[in-house]
Amino acid sequence: GSGGYIIAKLEVSAGNTLSITCGIGGSGSNNAGNTGGSTTVNVTGGNAGILTADGGSGAFVSTFSTGQVGTGGNSSCSNNTLQYIIYQGEDGTVTTETYSEFQAGLFVTSVVYGNGGNAPFTTNTGAKGGFFVYNTANMNSVNRNYRPVNGRMPGGGGAGAAETIAPYGTSGGNGMVLVRW
């Protein structure tokens, strides 16, 4: 899943301090993808509060599993007097399998691994999943594409890929903080 999103407006005054931590994208795996790190802005002094956009979760995969996706991260603000808007990150997509006759007498299973979610207000930040076609009778490969890329910044979700041959599922994109004044 992609990372969450928060936008906030606050008035600053002398003595305000902003401490910023930018979340690292969760790493891909051949088993369960890791949840991305949280991006935080900690404001001290007047209008104190902590703004947090959480990374999306990774999905668990077993051989040719089609049922699970990584979920989008949430966001929060510890000071309810601030003006802020939050959006949950987009969930990844599920892995799908289809069955067909590739040529006379050769039946295949096509697996399209799940895509990573796009970060809010972005396009194409979630990575596209890998592709694998195998002979249904004996599991021999007919076509392989194990080259999905990592999710893009800011906070795009990583993609799914075959868990038996590297590279496995890919990492999510890092978070981002913009400060305007």
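Two strands count as paired when DSSP finds at least two bridges between them, and I would like to begin from there, with the strand pairings of this model, which is a predicted one.

Let me start with β8. In β9, the residue that bridges to Val108 is Asn135, and the two strands, β8 and β9, pair in the antiparallel sense over 5 bridges. On its other pairing, β8 is joined by 7 bridges to strand β7, residues 96-103, and these two strands also run antiparallel. Here Thr98 has Ser110 in β8 as its bridge partner. The hairpin of β7 and β8 has 2 residues between the strands, and in that hairpin Gly105 takes a positive phi near 80 degrees. Is β8 mostly covered, or mostly open? It is mostly covered, since 5 of its 7 residues are buried.

Now to another sheet. Four strands make an open sheet in the order β2-β3-β4-β5, and their pairing is antiparallel. The edges are taken by β2, residues 17-21, and β5, residues 75-77, each of which has a single partner strand, so that one side of each is left without a neighbour in the sheet. From one strand to the next, the twist averages 10 degrees. Looking at the β2 edge, we find that β2 pairs with strand β3, residues 39-44, in the antiparallel sense over 5 bridges, and that Ile20 stands opposite Val41 in β3.

Val41 also brings us to the interior. Which residues make up the largest nonpolar core? There are 7 residues in all, namely Ile6, Val41, Val43, Leu51, Ala53, Cys77 and Leu82, and β3 and β4, the latter spanning residues 49-53, each supply at least two residues of this core.

Cys77 deserves a moment of its own. With a relative accessibility of 10%, Cys77 counts as buried, and, leaving aside its neighbours within four places in sequence, Cys77 is in contact with Ile6, Ile50, Leu51, Leu82 and Tyr84. Because a disulfide is a covalent bond between the sulfur atoms of two cysteines, one may ask how many disulfides there are here. The count comes to 0. Cys22 is in no disulfide, and the nearest cysteine sulfur, that of Cys77, is 18 Å away. The cut-off for a disulfide is 2.5 Å between the sulfur atoms, and the 18 Å from the sulfur of Cys77 to that of Cys22 is therefore too far for a bond. As for its surroundings, Cys22 is partly exposed, with a relative accessible area of 37%, whereas Cys77, as I said, is buried.

Finally, the aromatic rings. A search of the whole structure finds 4 aromatic pairs. Among them is the pair of Tyr87 and Phe121, which is edge-to-face, with 4.8 Å from centre to centre and 90 degrees between the planes. Why does this pair tie together separate parts of the chain? Tyr87 lies in strand β6, residues 83-87, while Phe121 lies in the loop between β8, residues 106-112, and β9, residues 131-135, so the pair links parts that are 34 residues apart in sequence. Tyr87 counts as partly exposed, at 38% relative accessibility, and Phe121 counts as exposed, at 59%. Together with Tyr5, Tyr87 and Phe121 form one aromatic cluster.

Terms used:
Residues are numbered from 1 along each chain as its sequence is written. This is a predicted model: local features need pLDDT of at least 70, side-chain atom pairs count only at pLDDT 80 or more; totals for chains, interfaces and linings use all residues. Side-chain values use heavy atoms; hydrogens and water are left out. Rings of Phe, Tyr and Trp (its six-membered ring) pair if their centres lie within 6.5 Å; planes under 30 degrees apart count as stacked, over 60 as edge-to-face and the rest as tilted. Buried means under 20% relative accessible area, exposed over 50%, partly exposed in between (1.4 Å probe, protein chains only). Axes are lines fitted to C-alpha atoms, for helices over the stretch in contact, and angles run from 0 to 180 degrees between N-to-C directions. A nonpolar core is a set of buried Ala, Val, Leu, Ile, Met, Phe, Trp, Tyr and Cys residues joined through side-chain atoms within 4.5 Å. Contact means heavy atoms within 4.5 Å.
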